[in-house]
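User: Please take a close look at one part of this model, and then explain how that part connects to the rest. Plain words will do, with each term explained once.

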Amino acid sequence: MHTRFAVFLAALIAGFGSALPARAVATSSLQVAAAAGAQYRDLGRLPARTQVRLAVVLAYRHEPELQALLAAQNDPSSPIGGRYLTQAQFLDAFAPSGATYAALAHDFAVRGFAVVGTYANRTVLDVSAPAVTVERTFSTELHRASAVGRTAYVNVRPATLPPELRAFVAGVVGFDGVGVLHTANHRGLRRNALGPPLQGPDTGFSPFALANAYDLPVQHGSDGRGQSAAVVIDADYQDRDLARFLATFGVTRSGPVTTRIAIDGGPKPPINGDSVEASLDVEAIVGTAPGTSLYVYETNSLSYATTLDAYDRIVSDNRAGVVNSSFGGCETQTQPSNFPQMAEKIAQQAAALGTVFAASTGDFGTYACTFPGPGGVSTPASGPSFVAVGG
């Protein structure tokens, strides 16, 4: 670590140390609001034995010092501007301790939950339990519900953290199982205004067109070698599609073969409606940065809890320098689920490590929720630690 950076970080946490008593973590009394009734059709009480999976996000230690660090890292005039923590440094300074993580897992087990997912960065704990156990633990009520062709469950009464957990838990995501984020790709009109090499056979823009329009590094001799990127999506793509795309535009891939990582079991089926988005993302990244190392985190859905799992797995793996999310949901509608707040917490950890989270704003900006009228912007792009990408 750079000497000035080490001194600055030491000053931030001076007097605290990494071996704090367990209850010295940030205190939270956060409630998870009930889902808005207008968004779903209530089908009655969820059967008591139905399994409900939740993503429990732990509170960071030294939260004020973490915010000061993030501000300094993003300040060009700061002596540590542009300098980032290693994963080990974040774990030592800000992450929940191993003892706290283990104790929380034990606490949920005693309450009747199964621990179904743990992460090396000790930030998210995935737990599952019958509906009756979830309702008892979080003083809530779960109902079956349907919306937009999906049938799942929602909490019709706010879910509240037990008092004894409030010192350790920042929030919980997963009470609203019917809510999901969405991709928003559209096939463009066929045009012949430009032709090769700016357009392909179906008149879609080529990698060269994108690189030229945005003056990307590949225009200046940098093909992404030594860099890494990640894509989060609820679908797989076909390797032969990517190979044909690159061959069509004369792009030679100089980086390693893409690595796929299944999240919560991976997409079902692997090739589905969002495979178009998966292909689009992979082709755009490899086509304009053929030397990059690419990791595709493939989820079983774009539910709030599963998407959060993907984000935390990426930060825990600590392999990607930039993370792409070509999906979103109305911020005002997802706010009760706790997803925007918890996605932001994970993005802050990524930022401290030098990883950029980027997300699409959708096609209609501030009209994302209720086009053609105003109604709210898209999350996770609206998070302060996300780079919001539109166009």
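Analyst: Start with two helices, α9 (residues 304–317) and α11 (residues 339–353), which pack at an angle of about 10 degrees with their axes 10 Å apart. Helices (H or I, at least four residues) and strands (E, at least two) are DSSP runs, numbered from the N terminus. Axes are lines fitted to C-alpha atoms, for helices over the stretch in contact, and angles run from 0 to 180 degrees between N-to-C directions. The model is predicted: local features need pLDDT of at least 70 and side-chain atom pairs count only at pLDDT 80 or more, while totals for chains, interfaces and linings use all residues. Residues are numbered from 1 along each chain as its sequence is written, and side-chain values use heavy atoms, leaving out hydrogens and water.

The angle makes α9 and α11 roughly parallel to each other, because angles under 35 degrees count that way (over 145 is roughly antiparallel, 65 to 115 roughly perpendicular, the rest oblique). On the α9 side, the residues that meet α11 are Tyr-304, Thr-307, Leu-308, Tyr-311, Asp-312 and Val-315. On the α11 side they are Phe-339, Met-342, Ala-343, Ile-346, Gln-349, Ala-350 and Leu-353. Contact here means heavy atoms within 4.5 Å. An α-helix has 3.6 residues a turn, so residues three or four places apart point the same way.

Two of these residues, Tyr-304 and Phe-339, are also touched by Thr-334. Thr-334 lies in helix α10 (residues 331–334). With residues up to four places away in sequence left out, its other partners are Leu-181, Gly-329, Pro-340 and Thr-379. Thr-334 has a relative accessible area of 2% and is therefore buried; the cut-offs are under 20% for buried, over 50% for exposed and partly exposed in between (1.4 Å probe, protein chains only).

Thr-379, one of those partners, leads to an unusual bond. The peptide bond from Thr-379 to Pro-380 is cis, with omega near 15 degrees. Pro-380 sits in the loop between β16 (378–379) and β17 (386–389). A second cis peptide bond joins Lys-268 and Pro-269, where omega is about -15 degrees. Pro-269 belongs to the loop between β11 (259–263) and α8 (275–288). Most residues other than glycine have a negative phi, and most peptide bonds are trans.

Helix α9 also has a link by charge. Asp-309 forms a salt bridge with Arg-53, and the closest N and O atoms are 3.6 Å apart. The two residues are 256 places apart in the chain, with Asp-309 in helix α9 and Arg-53 in strand β3 (residues 51–58). A salt bridge is a side-chain nitrogen of Lys or Arg within 4 Å of a carboxyl oxygen of Asp or Glu. The two ends differ in cover: Asp-309 is buried at a relative accessible area of 1%, whereas Arg-53 is partly exposed at 30%.

The structure holds 15 salt bridges. Among them, Asp-107 and Arg-111 pair at 2.5 Å, N to O, and Arg-111 also pairs with Glu-164 at 2.7 Å. The latter pair spans 53 residues: Arg-111 is in the loop between α4 (98–110) and β4 (114–117), and Glu-164 is in the loop between β8 (159–160) and β9. Both acidic partners of Arg-111 are partly exposed, Asp-107 with a relative accessible area of 23% and Glu-164 with 37%. Elsewhere, Arg-45, Glu-135, Glu-141 and Arg-157 are linked in a network of salt bridges.

Glu-135 from that network is also one of the buried residues of helix α5. Helix α5 (residues 131–138) is mostly covered, with six of its eight residues buried; besides Glu-135, these are Ala-131, Thr-133, Val-134, Thr-137 and Phe-138. Right after α5 comes Ser-139, with a positive phi near 50 degrees. Ser-139 lies in the loop between α5 and β6 (141–147) and counts as partly exposed, at 45% relative accessibility. Thr-203 also has a positive phi, near 75 degrees. Thr-203 is in the loop between β9 (169–173) and α6, and at a relative accessible area of 8% it is buried.

For the wider setting, the protein chain has eleven helices and 17 strands. Of its 391 residues, 51% count as buried. Among contacts between residues at least 6 apart in sequence, 77% join residues at least 24 apart. The pair of Asp-309 in α9 and Arg-53 in β3 is a salt bridge that links distant parts of the chain.
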